[in-house]
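Q: I am new to this structure and would like a close look at a single part. Please begin with one salt bridge, then follow its chain outward to the chains it touches.

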4 protein chains.
Amino acid sequence: MAFLEEIKLHEECGVFGISVPPEKQLNPVLETVTALFALQHRGQGSCGIAVSQNSSVSVTTGQGLVADVFNDRAVSGLNGQMAIGHVRYAYSSDLSGSCAQPIVIRHVNGSLCIAHNGRLANSAQLRNEAEMHGAIFQTTGDAEIISHMIVRERLRTNTLEDAVLNAMQYMVGAYSLVLMSGKKLIAVRDPNGFRPLCMGKLDGCVIFSSESCALDAIGATFIRDIEPGEVVVAQNGQVRALSSGIRVKPSLCVFEYIYFARPDSVIDGLSVDLVRQEAGKCLARADDTPADVVIGVPDSGLSGAMGYAGQSGIPYAVGLIKNRYVGRTFIQPKQNQRESAVKIKLNALSSTIRGKRVIMVDDSLVRGTTCARIVSLLREAGATQVHMRISSPPFLHPCYFGTDIPDREALIAHGRTTQEIAHMIGADSLKYLQLEDLSQIVDGTKYGVCNGCFTGRYAVPVPRDPMQLINGRSEE
Amino acid sequence: MAFLEEIKLHEECGVFGISVPPEKQLNPVLETVTALFALQHRGQGSCGIAVSQNSSVSVTTGQGLVADVFNDRAVSGLNGQMAIGHVRYAYSSDLSGSCAQPIVIRHVNGSLCIAHNGRLANSAQLRNEAEMHGAIFQTTGDAEIISHMIVRERLRTNTLEDAVLNAMQYMVGAYSLVLMSGKKLIAVRDPNGFRPLCMGKLDGCVIFSSESCALDAIGATFIRDIEPGEVVVAQNGQVRALSSGIRVKPSLCVFEYIYFARPDSVIDGLSVDLVRQEAGKCLARADDTPADVVIGVPDSGLSGAMGYAGQSGIPYAVGLIKNRYVGRTFIQPKQNQRESAVKIKLNALSSTIRGKRVIMVDDSLVRGTTCARIVSLLREAGATQVHMRISSPPFLHPCYFGTDIPDREALIAHGRTTQEIAHMIGADSLKYLQLEDLSQIVDGTKYGVCNGCFTGRYAVPVPRDPMQLINGRSEE
Amino acid sequence: MAFLEEIKLHEECGVFGISVPPEKQLNPVLETVTALFALQHRGQGSCGIAVSQNSSVSVTTGQGLVADVFNDRAVSGLNGQMAIGHVRYAYSSDLSGSCAQPIVIRHVNGSLCIAHNGRLANSAQLRNEAEMHGAIFQTTGDAEIISHMIVRERLRTNTLEDAVLNAMQYMVGAYSLVLMSGKKLIAVRDPNGFRPLCMGKLDGCVIFSSESCALDAIGATFIRDIEPGEVVVAQNGQVRALSSGIRVKPSLCVFEYIYFARPDSVIDGLSVDLVRQEAGKCLARADDTPADVVIGVPDSGLSGAMGYAGQSGIPYAVGLIKNRYVGRTFIQPKQNQRESAVKIKLNALSSTIRGKRVIMVDDSLVRGTTCARIVSLLREAGATQVHMRISSPPFLHPCYFGTDIPDREALIAHGRTTQEIAHMIGADSLKYLQLEDLSQIVDGTKYGVCNGCFTGRYAVPVPRDPMQLINGRSEE
Amino acid sequence: MAFLEEIKLHEECGVFGISVPPEKQLNPVLETVTALFALQHRGQGSCGIAVSQNSSVSVTTGQGLVADVFNDRAVSGLNGQMAIGHVRYAYSSDLSGSCAQPIVIRHVNGSLCIAHNGRLANSAQLRNEAEMHGAIFQTTGDAEIISHMIVRERLRTNTLEDAVLNAMQYMVGAYSLVLMSGKKLIAVRDPNGFRPLCMGKLDGCVIFSSESCALDAIGATFIRDIEPGEVVVAQNGQVRALSSGIRVKPSLCVFEYIYFARPDSVIDGLSVDLVRQEAGKCLARADDTPADVVIGVPDSGLSGAMGYAGQSGIPYAVGLIKNRYVGRTFIQPKQNQRESAVKIKLNALSSTIRGKRVIMVDDSLVRGTTCARIVSLLREAGATQVHMRISSPPFLHPCYFGTDIPDREALIAHGRTTQEIAHMIGADSLKYLQLEDLSQIVDGTKYGVCNGCFTGRYAVPVPRDPMQLINGRSEE
């Protein structure tokens, strides 16, 4: 269910970078703060900004929202010629306590800042090899592994971008990177293009961003998506594009369209909102259930619901009000055993629902527990029927590329028929979007999609047990 | 414009109270926290909870959201038989630094806790009279004045409720109160009924709340509205209703329906959401502007837009995406002089807007400055026409009963024709809801409404200059 | 024992005020911050500063040390013509959460700020009378009661100082006050002069302070003590002294000399350090115990130990090192049941102690528990004998004037002979200062002392049970 | 001058470690917190604790005092079989923001935690070499360099301790380390023994600590100093001592005796307090200045003053009262140009000083500026003469081993005669301890001392400019 973040799938991160040409007066830190506000939906756990001023780098990271970390006091006095920023879902209290990004490292040729979105499928192997050569790690994150890879290659190359291109030969999986050295800003998208990354411009500045909505927020103009396997280098106002030459089937994570990205973003040529509306229309076309009203589960089910309503002619209405003030540290009144978490976050609009046959649309169904509670909420509010419609196919398989999913056994679609699921969530009926319909809807995307979570077929080989190698050793 | 809270009208407060009968195990503090989450839209500046445990009272107040102030640590160990809660818009750094409510006072007959929503029209006079008799004040708020009134009367009466009824004879203006003494929980609504206040029950507990949505949030059942001029006393699970006997024309603030209340609340018999949708329909009925799409300004313009779309047959769509992560301490990139605040908070959905004639609905137009920026945002996103529709009449007059409005001169409708306003905001056309239409829509409300902000005619006499008496004196 | 603050007697407060004449440039807020640093030993729980700028008053209070509350940010921009400050031992989480001082009240003639040191013996009676006339109280503190008294009288008088003089007729007990209205700074010392209060000047400014050490800290010159029963008014650079005319035996709390005040202060004509040294000399003159070394318990026993050593000819040495970094929220390793709190705060210097017969001097013995642990610490460090010497008489009776003492039963001297006490604390011998010796030492003080805690004879009538009246009532 | 920490020499760090045998119940975290309280004088900028529980490591670090960082909440739930702790003077806002220790790294054989006290003389060279082999650094600290050295060697050795012994062959300078792997606790002291490190035991636990005072604080028994060049391994309650075999002249930093260490510590066989007292006696023996009183500058001059007084027969007295509540963020009243920082922190006791010829003892004279202010303070308080005595030789040369000293030019003794210095600080006379006397006093130390700051002759070769290599490079 999309409405309770703590139970949802999690995107890992959002990245951003900006390079201001010498003669311009723009403060890249302020633009980055604004951009991170726009990317905040990609991660609310921690955030950070690294700024390069006259080739000297400083970094500020913190736990919480951008608005909390980058208040007036934190930003005051920060300025420079380049900045990169990062938002991240989790603030795990890792060994080093410093898994917030960007990370900054010093190596033989200077400093390097890295902001990373994605997950390496072969991180355990890469880490192991590096440790065998004496590398030490202060975090458990992929960003530190990627740093090692790049710096190792940097010893043998003349330029940072060559080192990046070399390192890409070894890295398998999802990585949309924004790198910053003393003089260069570099965008890197993995050969599969698992995660989005695009380029824009604003008053002569070069900008890289996970999503185009951040370009809009700062008033920048969208130029193009970074291509899968591409490395784009900005320096002194000039931009050079390099190709890794790695040939694999590009495969943007389809969940970017379904849930992760903001509806006002355009990714690889497709509007996210249109994809979601189209999914709702497809659901309606394949459906003839008589009903009085179509509602969406806020926020990610709304586009689909609107599409369904438009296609079916059944009126769209607001059936659930979401409380936007419930915090993360919410205290549950455990004593009375009611399913109150849902009631606190959502309230059904009786005036809309009472006596009605309701079509309720959500973007996906992962565990299904909260969905069951919403169905019950609608019935309490007087719905005579509740028909659940999911604007994506059944979620059945794990993801190895940056989506944080539960164990397969916890997936409600795992080993159950649609009818069994409908029964579990208490709905009068349940329908999913067909995989073929989804494929057709996103057919217009430039480079293809990965739908491994629906099919179990992934674009690259995936590890048997990625935790195995990491935890198998321990000092005497 | 409704979308930028810092520029909007402000409701002052939300109040809540719960009394748990002796034999029940419910923790009133946890229920109050949950209820305050649901009332948070009525005030995000400060909040507080007073709890009575075995007739001993403790209070916790703090700056910020309920989720910030009442975290696990703050709530841990709090329990009792009664609790009252309060949310408040502003956390003014008042003389005493303690204008957060509930306030707790000790007087000759014990302790008294007060949570107040509203504003007295004669507060300066009442304060002055009390000071003349030697009273001292530690804050500038009405709640302290009301305390003084009640305690002064308490010297002459046998019960707290009699003191309240006496004090009501002197107080003019808006006050929805929840009071708590060691043994009683009392709800008070002023004779005009300016602010909403209702009663519910949950597992034998008596509950008072500004809005019914808080009853839903804790799973309680709505019983009835507190009547204008009524005092309801809950003690030991028993409820007694008393009447102040004051006869004035009841006049609920009509802006509760238009903007302040949550759409899923039902106030004095009318669903807030239905009122807003109906207003949109009225606008559509009086309109024949050809257009391609109807959009609402998030969040308060959405119901009206949906109503307009349903009535007119023009498709409803999401045209503006609101960024919910922008904090209060947002840093504006002042250097580039762009109208960026709007861009950061709102983004136009080009896929919806481009090439379209747009009807944009909002609930009200106060200053109009941000509305102008949204119109411009839509044009940049490709709208060919932008027709502004306001689901309330022109806002022309000050409010003396708890709504924080700007100077009359700052009101965009002050001294301007509709056409002049349309020109100022850059819209192709502008239409307001007619006052008669609004009156008809809210005709079903139980006790009548105050629409002084539209008409300049108020339900009670209003002061010439309420600041005059307060500030006119100073110690030698 | 003096070394562990949490087990010690507590002074309640320190007060300070400064009035800057119109033509001077001094910032009274910065001077008050500095002065509060110097008075911090009189209270580390909370602190506050009220500043008057052009007759407009603002106040800042906070929990914790002056250095925490009045950091750069808090002080930035604060300025004016007058300021008063306060430090307080306890930050009790009182009903109103606002027992930090100065308190600021508004009354019929303007604003009044009050900083108070002391305790009224008849506060329950005064509060009761005020409540009977309809007064309400938001805290449980004496400062609010005193405000009520003064404001009530202010209705009948032409000036604030006359109201103060009238109110003094009703107040019994200890009160050293600094008051600030829009235009006047007023110092008040109760007719007994229980607590110290003095006046100084700095560059034309008039200054009032609990202790003279704060004058030294800001570079001011000591002028004189405020006399018992005196009211001193500073306005526009002029000073007027008024007498309450109340005739009682002046009686400064003798514990100010023994423990509360800083050694570098001079109170009512006597140097605190000299009193303490003289007490040590007296102990030595009455003692012929053979010993090898004299040590003091840090910090308050050091002066007495030095006096003892000088008089006796036995070498003085540092025998105990105090750890100054142990915080208030110190976590005790409870699992191993050792008397570790003492070990963490104090360490015995083996190099000084081993094989020695030790005379250990402390200023007083209240509960005696920690003293026992220090004796044991010395023995572990190799002391062959430990002779305890207390530079004040046995502490036997409660205090009603601002000293926070335990129940009589918890006083180690209560119902025990000196020999029994010596046995309890594990000392080879124990000697107290004789009451006559103490009386003789402080004979030079200008107005006499109160030694009720040693004798049970108090300078004013004391209540049977001061809590009785306050808690005896409760609202129906 | 010793009394104002911000102007003083700074020790870098304190380290601690404890290993609890399997069958014992002691919580090593609570013992480490207590020990860090006792070592807090060695660093007040940041602190941290790493704990190993079932071979899994977690670390908590923070800015500020131990009491601030390790409050109840932080410590709650932390437990394990081993813990190491660290206090550090500075919390530099380093690139990575993570220079607080212990640092924790993961390498091919598991995790390694490091707490370090000292400074490498060849760190720039070692870092450079590591980077040439592809190492990346996230901080600028020596601890990370040492980690790299050890891990590099670990690839070639069977045990961690062998890796440490190998790495020691390359490291030049000061390092007292406490290391913790999943199963071992290891203490390492550099071959010169620049910084102290000792071993103790408590109820079967093995303990390592920078100073013995931390052993006292937790009730542990001192066993012995770690020898210069020694590596001591604790595992499963067993202890093994290994020697690096490196032969250099041991040379404990003599300033540990003079200023850094706590007086109640015993280092390499000598009591710190006795050394300081003896230094005072030496000064007195070489002095026949007629005087009335001997005072010390709190806190580090007190032992010397007491020694001087005892030897000379001139009475010792407390002449300066130190305010212990002045915070780090102290706001200076800049407007009146007085030398107020000293007045706020110190007050002269007129009762002791007035009309007296004063001998004032301090442990060292670095810049001399604040000393000048104290002399002036004494004269204002009525001293007729002020004779300054320094219980160490003139401070003339930089330190490369962990003492943070100002530029040579800022040293008051640089290029000046004693008489010129006396004139600068306004003293009637000035005498230093003779170098030969100091040498004789510390002759009893087990392994010899480094007195390079007095002589310019260091125990190991020192770099020309240690910053040169680090900053000379930058990425293209």
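**One salt bridge and its chain**

A: Let's start with Glu256(A) and Arg195(A), which form a salt bridge whose closest N and O atoms are 2.9 Å apart. (A salt bridge here is a side-chain nitrogen of Lys or Arg within 4 Å of a carboxyl oxygen of Asp or Glu.) This is a predicted model, in which local features need pLDDT of at least 70 and side-chain atom pairs count only at pLDDT 80 or more, while totals for chains, interfaces and linings use all residues. Residues are numbered from 1 along each chain as its sequence is written, chains are lettered from A and ligands numbered from 1 in the order in which they are written, and side-chain values use heavy atoms, leaving out hydrogens and water.

The pair joins distant parts of the chain: Glu256(A) sits in helix α8 (residues 255-260), and Arg195(A) in the loop between β8 (185-189) and β9 (198-202), 61 residues apart. Helices (H or I, at least four residues) and strands (E, at least two) are DSSP runs, numbered from the N terminus. Both Glu256(A) and Arg195(A) are buried, meaning under 20% relative accessible area, with exposed being over 50% and partly exposed in between (1.4 Å probe, protein chains only). The two residues also belong to a network of salt bridges that links Arg42(A), Arg195(A), Glu211(A) and Glu256(A). Over all chains, the structure holds 80 salt bridges.

Now step outward to chain B. The contact takes 55 residues from chain A and 54 residues from chain B, where contact means heavy atoms within 4.5 Å. Together, chain A and chain B bury about 4300 Å², 60% of it on carbon and sulfur atoms; buried area is the accessible area (1.4 Å probe) that two parts lose on being put together, summed over both. The rule finds 0 salt bridges across this interface, but 10 residue pairs in polar contact, both at pLDDT 80 or more. (A polar contact is a pair of N or O atoms within 3.5 Å; within protein, one must be able to donate a hydrogen and the other to accept it, and residues adjacent in sequence count only if both atoms are side-chain atoms.) Elements of chain A that give two or more residues to this side include α1 (28-39) and α9 (272-285), and α1(A) gives the most, with 6 residues.

Chain A can be laid on chain B with an RMSD of 0.1 Å by a turn of 180 degrees and a shift of 0.0 Å along the axis. Copies are superposed by least squares on the C-alpha atoms of residues with pLDDT of at least 70 in both.

Chain A also touches chain D, with 41 residues of chain A in contact with 41 residues of chain D. These two chains bury about 3600 Å² between them, 53% of it on carbon and sulfur atoms. Again the rule finds 0 salt bridges across the interface, along with 4 residue pairs in polar contact, both at pLDDT 80 or more. On the side of chain A that touches chain D, the largest share, 5 residues, comes from α5(A).

Laying chain A on chain D takes a turn of 179 degrees and a shift of 0.0 Å along the axis, with an RMSD of 0.1 Å. The two copies are thus related as by a two-fold rotation axis. Of the residues of chain A, Ala135(A) comes closest to the rotation axis, at 3.4 Å (C-alpha).
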